[in-house]
Amino acid sequence: MLSIDLGKYREEVFIKAEDFIQFLFNGDTSSMPKPPQKWEQSLTFKTFPAAANEMARFIGDFMQHDILQFEDTGSKTPPGHVVDTECRPDITAAFKEDWNNGVGPWPFIQLAGEKASKGEKPEDQYNKAISYLHYLLLARPNLHVAQGLLTSPSGLTFLLGIGGFGIRKLYVPWDGNDIHKSLYAFIYRLYKPAHFADPSFIRTEPDGEQAKFTIRIKCEKDEHIAEFSHIYAKNPFGTRTHVFSNLNSQDPKGITVLKDQLCRIGFDEATILKQHVHSPRPVPGVVVVEHNEFIDTPLSEGRRKHRLGLEDRGSPFTSIPTLRKLLEVLFDVLEVLRYLRCECKVLHRDVSSGNVLYIKNSSLSRDIRSDPRNPNYPIYFARHLLDEKKDALETSMLLVDFDLAEYLEAETSPKIIRTGTPLFIARAVERGGPVPLGKRALVPAIPECPKEYALKHLDRTKQFPENTPDRQIQSEGIQSQGKQLEWRHELEHDAESVFWLLLYWAMVAQPRQLPKEEIDAGYWTLLTGTHQSREGLIDSFSNRVPDGVTHSLYNPLRGLITDLAAILGVDRHWVPKSDPRNHLCYVNEAFQRLILKFIVDHGKENFMDRELDVTTRQPERRSQSPFKSITKSQALDAEMQSGPDAERKEVHQQNDIILESLLSLASLASLALVTSSTTDTGLDLGTLSDQPHALSSPTFPTSFHWCNPICGLLWWLENMNV
């Protein structure tokens, strides 16, 4: 085989058809029925569907099986995909019983392929064929390998999409000696997937346009079988995550959510949660593992499937209904992250809208309850600080998805430093080192400590005295000195992700029964851009947040955004060690003080409890331009992009908006400065436009349970996952 490194996934080319067939059958072709001496239908570009159906009928009759049918489906969108993609494969194969009005639902599609058309570049045709495998792997969690093909006037390309690996392929010209033999073996494997399928999936049955999966779960002493609905999927050629919701809410095993993920051998999310997070005592606000097992996936090379049974449920981050509840959730996230780092020696490293869930009816589960006579936890959540009648450990947030987490006292540290989700990843983590000093390298004074907070955290008030004044960091000489300092992903980077969560929610929030306000897509472009563009946002917002960044109802929130951005203005890396603001907990501390003070100061104002509309704020539409993905991985990972808008539009459309905005703003020299340099520009983004600034957000179906969200983020790049 020839190995080709495509960066986002691997690709291997079979040189000989015999090698391809041996791979299909795992070295044993004895089970395949002998084909007839001659097929009635010739095999050409034009006759392919008829020839494929002839072979499928022969195999189906021999096996006494429902017949597999190949159909031209390029004009029809298959329904029932877990991420609601609207892509339309040109060629689809499904069993006869699964066809309905000329289309088969995604969970029952056996093959998806592309038919070359005139005027289209070969590389575009190939990328389309690969994208169909991408979607098919997402829709078929019961398969280790998805099958596809690309037909062209010159020949046939057989494609195998392998979860956690990439693509293996074979090209055979139409007049090649091996084409009939290869296609026959390829179709037989569709009938009998064998090692291409996960044997723990016992049955797949229709459930409307979706499917329900009966899954065998291997427990310590027995097996447990349950029915699950498929609610989330992402990253098929990398970590390949699938999440299922238990259809039996009273499951005796306590498993409400099942998560399958291909992890690199040597990493174990369950161990982090069981041994380092929830031991010796459970941590409130963090997901609990009830079950874990490993499933071998030899074709994924270097990865194996981790199956976790989880107890907790939650709703998407974007379902948080009011600003008050949002700020309480973010305060509690900061508290939990701090406890995990300082007490458990665990960094989450992927704080994002998909991994922070909202619990509408919060309760204290697993007997977690504070005892004022013998406090077990140095944790006080926001509700208790605002109302002492509430239990100190009662929270509406749930932190999930520790697949990128790090246990700091492990014998070996993770090799990959750059972890996180674009839009929410800390700027320093994205760039792989500290954020350079800007021209205005001012470290603001330590924020005032609200009395409600100070009464519970005397040690913190002493450690971070609020009379500590502003500090100007001198850039002369410190940059070269800083290069000698060790840098790593730390707690303040997870805290920065909380800032991006706040900004994200604030920009897309549309209050109920108030006029809809469109947003200038330029601000969203900067938010969803590279670390340089977000450094520009921090530099600008730390001085002033322009009108329109949020809905006008939330204009008072602009002051809090400014204060939080100012805390992030100078990377802790450049602050002298003698300064308390150099402490790894300082950003959490400052954020918590500022958030709590805002809640106290504005607690009685109507905007704090105004509920959101079911739809999000939408961007100002501009002239249409052809969709061009920023990177190949973004185009291939577009299935992740769904969001809170009820219309659930594809992210391809969102990318259109972003690209249109970039084109329209490119003529402004100020934007060029932001996107090409660091915060040294000192640009005030309020000068870019007089229009309201906001953005269309990805949409999250509100009916999803906790893991819809491990869930649907904006612009998820596969290379950001371990």
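**Two residues and a helix pair**

His276 sits in helix α5, which covers residues 269–277. Before I go on, note that this is a predicted model.

Is His276 buried or exposed? Its relative accessibility is 17%, and buried means under 20%, so His276 counts as buried. Which residues does His276 touch, if we leave aside its neighbours within four places in sequence? The contacts are Thr271, Cys344, Val346 and Tyr407.

Next, Lys192. This residue is in a loop, the one between α4 (179–191) and β9 (201–207). Lys192 has a relative accessibility of 41%. Partly exposed is the class between under 20% and over 50%, so Lys192 counts as partly exposed. Now look at Met63. Along the chain, Lys192 and Met63 are 129 residues apart. In space, 9.8 Å separates their C-alpha atoms.

Last, a pair of helices. Two packed helices are described by two values, the angle between their axes and the distance between the axes. Here the pair is α12, residues 491–508, and α14, residues 531–541. Their axes come within 13 Å and cross at roughly 80 degrees. Angles of 65 to 115 degrees count as roughly perpendicular, so α12 is roughly perpendicular to α14.

Which residues meet between these two helices? From α12 there are Phe499, Trp500 and Leu503. From α14 there are Arg534, Leu537, Ile538 and Phe541. Sorted by class, the contact of α12 with α14 has 6 nonpolar residues, 1 charged residue and no polar ones. Arg counts as charged, so the charged residue in this contact is Arg534.

How values were computed
Residues are numbered from 1 along each chain as its sequence is written. This is a predicted model: local features need pLDDT of at least 70, side-chain atom pairs count only at pLDDT 80 or more; totals for chains, interfaces and linings use all residues. Side-chain values use heavy atoms; hydrogens and water are left out. Helices (H or I, at least four residues) and strands (E, at least two) are DSSP runs, numbered from the N terminus. Buried means under 20% relative accessible area, exposed over 50%, partly exposed in between (1.4 Å probe, protein chains only). Contact means heavy atoms within 4.5 Å. Axes are lines fitted to C-alpha atoms, for helices over the stretch in contact, and angles run from 0 to 180 degrees between N-to-C directions. Angles under 35 degrees count as roughly parallel, over 145 as roughly antiparallel, 65 to 115 as roughly perpendicular and the rest as oblique.
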